[in-house]
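Here is a friendly walk through one protein model, to be read with the structure open beside you. Shall we begin in the core and work outward from there?

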Amino acid sequence: MAMTLAGEANAASVRTDLGFKSNTLAANDDLSTGSVAIGFSANFFGTTYSNLFVNNNGNVTFNGPLGTFTPFNLISTNTPIIAPFFADVDTRGIGSSPVQYGGSTVNGRTAFGVNWVDVGYFANQTNPLNSFQLVMIDRSDIGAGDFDFEFNYDSIGWEAGSASGGGAGGLGGSSARAGWSNGVNTSYEIAGSAVNGAFLDNGPNALNAINRTGRIVFQVRNGSVTPQPPSVPDGGSTIASLGLALGALGLARRKFKKA
């Protein structure tokens, strides 16, 4: 899998296709959809999938749902995962939008998108809100099972819920992670994962400013994974370089919710 950076201006990184809003995961904390159809076949690390699970906490998984809320090293998932922003999303607060997902097309190709647009954080907090998106795009025109996927970011204002140690405004604590994993022995995370303040708007690794577009495009070919950290033009920072995510499982603390 090669990674490149592309996209429109920062303010329009999240695609607004109506198809990506055709299904809604009701307002919740830590829930997931059932198995949903992608709309095409995706070869991810040698296994071809036609369905996945949309998880409220900023990721999708392939072998089953994931309710974990405190982000951990993605190598330790034990399930293939694609995570544009793995953190404790809570859409129950007044002012938060629910997670939406569904099919559309991108450049004439079948696509599946998940919108975490204007979502809050635990517990029931909505100031500030985050807006990000995953889009998977069929590239069977190149080879069976080939696909691209995009991480699109418009605004990242919080990084952790209170059950993950986040303080006022969703800052600090066990900060969000972004990347992917085969759940067995290969995992990469975007530079700034788990670093307090790194992914926030205007942070040192601000996701909404990657290559000044707010979009990362990954290319998956024949199920292989060969990340190529991109060059950043015009003397830009290296915020989009990927670091190998290795280490022990970060154990999530249990949430104690008030009645």
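Start with the largest nonpolar core, which has 42 residues; Val 54, Met 136 and Phe 149 touch the most other members of it. Apart from this core lies another one, made up of six residues, including Leu 66, Phe 72, Leu 74 and Ala 83.

Val 54 is a good place to rest the cursor. Setting aside neighbours within four places in sequence, Val 54 is in contact with Leu 25, Ser 32, Thr 33, Val 36, Asn 59, Val 60, Val 99, Tyr 101, Phe 112, Val 114 and Trp 116.

A word on confidence, since this is a predicted model. The protein chain has a mean pLDDT of 85, and 82% of its residues reach 70 or more. Two stretches call for caution: pLDDT stays under 50 over residues 1–10, and also stays under 50 over residues 228–259. The model nevertheless has contacts beyond four places in sequence for both, 44 for residues 1–10 and 66 for residues 228–259.

Next, have a look at two hydroxyl-bearing side chains. Ser 131 sits in strand β9, which covers residues 125–138. Is Ser 131 buried or exposed? With a relative accessible area of 8%, Ser 131 counts as buried, because the cut-off for that term is under 20%. Beyond four places in sequence, the contacts of Ser 131 include Val 14, Trp 116, Val 117, Asp 118, Asn 152 and Tyr 153. Asp 154, Ser 155 and Ile 156 are also among the contacts of Ser 131.

Thr 213, in turn, belongs to the loop between β12 and β13, the latter spanning 215–220. Thr 213 is buried too, at a relative accessible area of 9%.

Which backbone nitrogen does each of these side chains approach? The table sets out the two pairs.

| Side chain | Backbone nitrogen | Distance |
|---|---|---|
| Ser 131 | Asp 118 | 2.9 Å |
| Thr 213 | Arg 215 | 3.1 Å |

Finally, turn to strands β11 (residues 177–181) and β12 (residues 187–190), which run antiparallel and are joined by three bridges. Which residue of β12 stands opposite Ser 181? That partner is Ser 187. Together β11 and β12 make a hairpin, with five residues between the strands. In the turn, Gly 183 has a positive phi of about 80 degrees.

Terms used: Residues are numbered from 1 along each chain as its sequence is written. Side-chain values use heavy atoms; hydrogens and water are left out. A nonpolar core is a set of buried Ala, Val, Leu, Ile, Met, Phe, Trp, Tyr and Cys residues joined through side-chain atoms within 4.5 Å. Buried means under 20% relative accessible area, exposed over 50%, partly exposed in between (1.4 Å probe, protein chains only). Contact means heavy atoms within 4.5 Å. pLDDT is the predictor's confidence in each residue, from 0 to 100. Helices (H or I, at least four residues) and strands (E, at least two) are DSSP runs, numbered from the N terminus. A polar contact is a pair of N or O atoms within 3.5 Å; within protein, one must be able to donate a hydrogen and the other to accept it, and residues adjacent in sequence count only if both atoms are side-chain atoms. Two strands pair if DSSP finds at least two bridges between them.
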